[in-house]
Structures are given as structure tokens and as C-alpha cells.
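Hi everyone, thanks for making time. I'd like to walk you through a structure that may be new to you, so let's get it up on the screen.

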Amino acid sequence: MNLILLKPSKENLQSYLVLGIGLLIIGFFDIISNTFFDFNITGYLPSLISYFSPLLLGALGLYFIRIEYSGNKTLDIINKNLNSNNFNAILSLIVIFILIKYVPSLLNWTFFDANFIGNTKEDCTGDGACWIFVKVWFNRFMYGMYPDAEQWRINLSFLVLLASIGSIFIFPLKFKNYIILFLLFIFPVIALNLISGGIFGLKWIETGAWGGLSLTFIVSAFALIFCFPIGVFLALGRRSDLPAIKYSSIGFIELWRGVPLITVLFMSAVMFPMFLPDGTYMDKLMRVIIAITLFEAAYMAEVVRGGLQALPRGQYDAAKSLGMGYWRMHLLIILPQALKLVIPGIANTFLALVKDTPLIFVVGLLELAGMIGLAKTNPKWLGMAAEGYVFAAFVFWVICFAMSRYSQNLEEKLSTER
Amino acid sequence: MSNIIELKNVNKWFDKFQVLKEINLEVKAKEKIVVCGPSGSGKSTLIRCINRLEEHQEGSIIVDGNEISENTKNIESIRAEVGMVFQQFNLFPHLSVLDNCSLAPIWVKKLPKKQAEELAMENLKRVQIEDQAIKFPNQLSGGQQQRAAIARALCMEPKIMLFDEPTSALDPEMIKEVLDVMVDLAKGGMTMIVVTHEMGFAKEVADNMIFMDEGRIVEKAKTNDFFENPKSDRTKLFLSQIL
């Protein structure tokens, strides 16, 4: 056959369209019958060819309908976005086939075949996920071993937190700074006292009983609040002209960056108390928070340093020439610009911090993932690891996605490239 | 009249390379000096030494009665009296033009915010960009940015103004609007040291001209003498190329 005839063009649009779409339909029919009806229409071919037959048929079909400026709008849009060349056509097909093959079974497992009603493992009869597990353990996943009767204290703290964050957007700008100061300095103290108790007639609840998602929040929040300023100071210290400050900053950063978090946590729980004078005691949770804070501060320092180095020297010159000293120059001119530049990096570090919190299980503190790990070993609920960890993944994803969106939002708001 | 700036035998090295060699310079109050010379001759370094953006290693620099050296405790208060305008404007991009101007008066001179902003508006009016006050520097043309930078320096009400090639980064069309502002300033009696290649400007305002080459002051003369009969051959060569 003459190869020119095989070249699709506008003149023989109709015939190539029919041929191409026909091949595509056969390809899709093949994959759909394969996936949903367990019937392989190309079963008589050698297994390798049979496996790839939908892809081959589809690619050939897409080749035939790849006609530029055909005049048909739909066809042009498809060609432009999915079918611009052979490589992209095959990529498009692979993605579509993967979606067809796996998304329905995933949805089946998560929703359609899943069990929601009941209270025991025996109520889970379908093939899908057993969400009863999450339902029954939900309270523990949220509050750990915190006594049920006292959980209002945690709820109240988080309500106050949400309310004050919300009020930042409602009240006029004038109050904003006060609310932020409240959130940074007063709220943590109130929340900590409220949750741990021991004053105002509140029952003392030791930190060992804290757990679940609320512990995730507590550890992350404190570590976030403290690691940021420490990181900024370390970054400034590393660029200092004073050798003592410079080299102790470098030493600190390289030490903490160079060790795995899990060993740091282990040290904080096991080794650190040995160095404390006899009779002094430091709460385990507090030690863990300090360890995570210092660990993440080292990363934060390098992120901030990146921003500081990106600023042109002229900014320093201008600030100095206006008579600003070191602190005024940095607080008013350098840091606002440098931090704005590295918002993506800061968000990165914060997300990593939140997702590092499950590691506190090594010292016996069980936040969300830790509680799930504990629940799945309960004899009544064996074999529920998938459900538990999918749930944990979902919760972490929601938290991290929210933070990520917020950071993008902030970036846009602070942009002066209008 | 006494000298407001005095440099005596100033030497400066970048590593082993000597950028300033035996600089002696006296500037009287209200005097206008234009410094010219080929690039790399140390002009910018010279004026950057005057407010210690660069450190000199030998000799003494006295600004308004204060010796500037590594022992100077109040270098910030001396810098506050010496305004500087840069080739690249160096406005603060995260602040509006108004905030650029009022920031230092608020935080360094401790003026109340309202008063500082009035002062800023006054100076923006003086450089004729008061209508750009709420914009950010990136939204301004080069000439407007440089005028904003001049206004920012003026807001500190300095006794001395240093200009480091203020028109070199500008489109030819915008040079004039900046020079006009500088001429205005000169006529108002400001003490000025200007590094520039704008010889028209030099002839109009300068009391004295300085020609530098290879880190030395080759020639210092009254403006008329400098252009009419320069003494050194190097100066003659430079002028023949630039005029």
C-alpha cells in the first residue's frame, strides 16, 4: 500500500475519522470488558500482545484522527490537549486506562462495598473497607487516653483557637495585632493549663494520657510557634560577623540537621534526664516538643538563610545609609523581604514538621497515627491496618493541604508585583 | 567656614588590591563637589567610605566633627546625617513610596507617624511625585524611583548628600528629571558630593571638580579651571573623550 494514503489529512477527513474512532472504540471496549466483565476479547493473541492491545489499538486510532485544523471543534480540542503527538497520545491513553482500571475498584472499596453500620468487627461483611473500626475508635483517635468526662477541656481550647483565628478576619485591622499577640503568648499558656489541669479545681491529667489528633495539634502548634523565631535567629547568627555567634550557629544547625529525628526523640526521652540534676523533672511531652522544635529550627534556619542571601546588597546599603542599626535594618527591611521570598520553603518545613509528629511514638506518646497503630493490634480489631492508615492519611492530607493553600494565599497577598 | 568632611591620607584595600591611595579631601559646608573619572577609579568607594558603607584601613575620615573608624560607637547617628542616593535606587520594594520615605524618620528619628508622613509628603512634593505616594516602587518608572530615593534620603534631613552615579541606570529621557531635582537641591544650599558623568550638571552646580584615576585624586580644581585648562594630561584625555 502507498504510505501517502496512510497519512491522515483534511481531504479524507471522514474516512480517517471513522477508522480512527472505530479503533479507539475497540480499544476502550477491550479494556472495559477486561476490567468489569473479566472477558478478554483479544485472548487468542499471545499474552504480551493481548495485554497491550488496547494501547496499540488506541494509539493507532489516535494517530488516524490527528488532523490539524480539521474544522471540527471537538476534534481540534482533543487533538490539541490529548493527542498532539504520538508520545502524548500514548501518555493520554495510559492515564485514561489506569483511571478506568483502578478508580472504580478504589471507589468500591472506600464507599460502595464499605461497611458503616454496626459496632463490632463482625458487622463488617462486605468486601470493602470496614469504617466501623474508625467509628468505634474515633474518640480515641481524637483524644487518646484522655478521660471522656474531661474532653470538653480540649474541645474548649480548640474552639477558642478557632474563634480567635476567625476573629482576625472579622474584626477591624486595629485589633488584629492584639489577637495575634494573644494567640502567640497568652493562648498557649491558657490552653496548656486547661488541658493539663491541676489548677482551678480541674483534674490533673498527665501528659501520658494525651493522644490522638489533639496531641498532633498540640505538638505541631508548639513546635511551629517556637521553631520559627529560633530558625530566624540561627539564620542571622550564621551570617553574623562575630565568630563566636557564627560558629555556634553553624555548629548547632549542622548538628541537628545531621541526625535523624527519631534518634533525637529517643535521646530526649532516655538520655536527657540523665543530664538533669537529681530531683528535677521535666515532662516527657515538653522534652519531645523541645526536641522537635530545635530539630525543625535547624531546617528553618537554612530556609531563611536562603532568603537572606537572595536579597541584593543594595537593600543593606540603603537601610544602613538611613541610619538604621543591625536590628532595625533586619526587622524593618531585610526580614520582611527575605521571609516573603521563602514562604514556599517555610511552608515545606512546616508541613514536614506536622508529618514528623507521628515519630513521637518512640517515646510512648501516641498521636493520631500512633493511636491507630495501637488500635489495629487490639485482638478484637485485627486486620484493620488499611482502614486506619487510610484514615490517618486522609486527616493529615486535609491538614497539610489547608496549610499549603494558606501559604499560597499569603504569598499572593504579600506580593507587591501588582 | 570650617570643613564638614575631612579625609586625610586615606588608604583602602580590597584584599591586596589598593582601591584608594592617599586620598586627601576637604569639603566645606554647602560646598558642591562633583567626582568624575573612569570606571574602577575608586569614585564610588570614596563616597561609600564617607558613611562607612566601606571601611578604610588607613588615614582618617572626619564627618561633621566625628572621626569615622571601627571604634565609632555612633556610626548610625552619623549615617543619619549623611543622605545617600544609589545608582540602583535601592528603594524597599515591600513598602509603598510613602512608607519608604517615612520609615526611617519614624524608627530612627522617632518622629510620630503622622508627622513623619507629613514630612515624607513634603519631600515627595519637592521631587514632584507626591501623586505616586501610595504606589509600590515596582510600579514607578526609573526616573520616578530615583526621585523617590532622593526624597527618602531628604526625609532624614541630612546635612550632607552623597550621590553615587544617580543617573547611570536611567533611560536618557529620565536623566533630566532627576538632574533637575538635584540642581534644585544644590540651589537650596545642600552640601553635596556627586559621582557622575553628567558634565552639564557639573558645570551648572559644582563648586569644585575632582578627577580620579587608579585610586588617586589626580586633579582637584574650581569647576571653571577644571574644564577650561585642566593641568594633568590624564584629565585632558578623559575630558576629550567625555565631552
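I'll talk about where the chains meet, and then about some strands in chain B.

Just so it's clear from the start, this is a predicted model.

Okay, the interface. How many residues does each chain bring to the contact? Chain B gives 26 and chain A gives 21. Between them they bury about 2100 Å², and carbon and sulfur atoms account for 60% of that. If you want three names to remember on the chain B side, take Arg79(B), Phe92(B) and His94(B): they supply 24% of the area chain B buries against chain A, more than any other three residues.

There's charge across the interface too. We get two salt bridges there. Glu54(B) makes a salt bridge with Arg313(A), with the closest N and O atoms 3.3 Å apart. On top of that, the count of residue pairs in polar contact between the chains is seven.

Which parts of chain B touch chain A with at least two residues each? That would be helix H2, strand E6, helix H3 and helix H5. The touching side of chain B splits into 15 nonpolar, five polar and six charged residues.

Now the strands. In chain B, E1 and E4 run antiparallel, joined by five bridges. Leu7(B), for example, has Ile61(B) in E4(B) as its bridge partner. E4(B) also pairs with E5(B), again antiparallel, over three bridges, and there Ile62(B) is partnered by Glu67(B).

Last bit: E4(B) and E5(B) make a hairpin with two residues between them. Look at Asp64(B) in that turn, where phi is positive, about 50 degrees.

How values were computed: Residues numbered from 1 in each chain as written. Chains lettered and ligands numbered in written order. Predicted model: local features only at pLDDT ≥ 70, side-chain atom pairs only at ≥ 80, totals over all residues. Heavy atoms only, no water. Contact = heavy atoms within 4.5 Å. Buried area = accessible area lost by both parts, 1.4 Å probe. Salt bridge = Lys/Arg side-chain N within 4 Å of Asp/Glu carboxyl O. Polar contact = N/O pair within 3.5 Å; in protein donor to acceptor, adjacent residues only side chain to side chain. Helix = DSSP H or I, 4+ residues; strand = E, 2+ residues; numbered from the N terminus. Nonpolar A, V, L, I, M, F, W, Y, C, P; charged D, E, K, R; others polar. Pairing = 2+ DSSP bridges.
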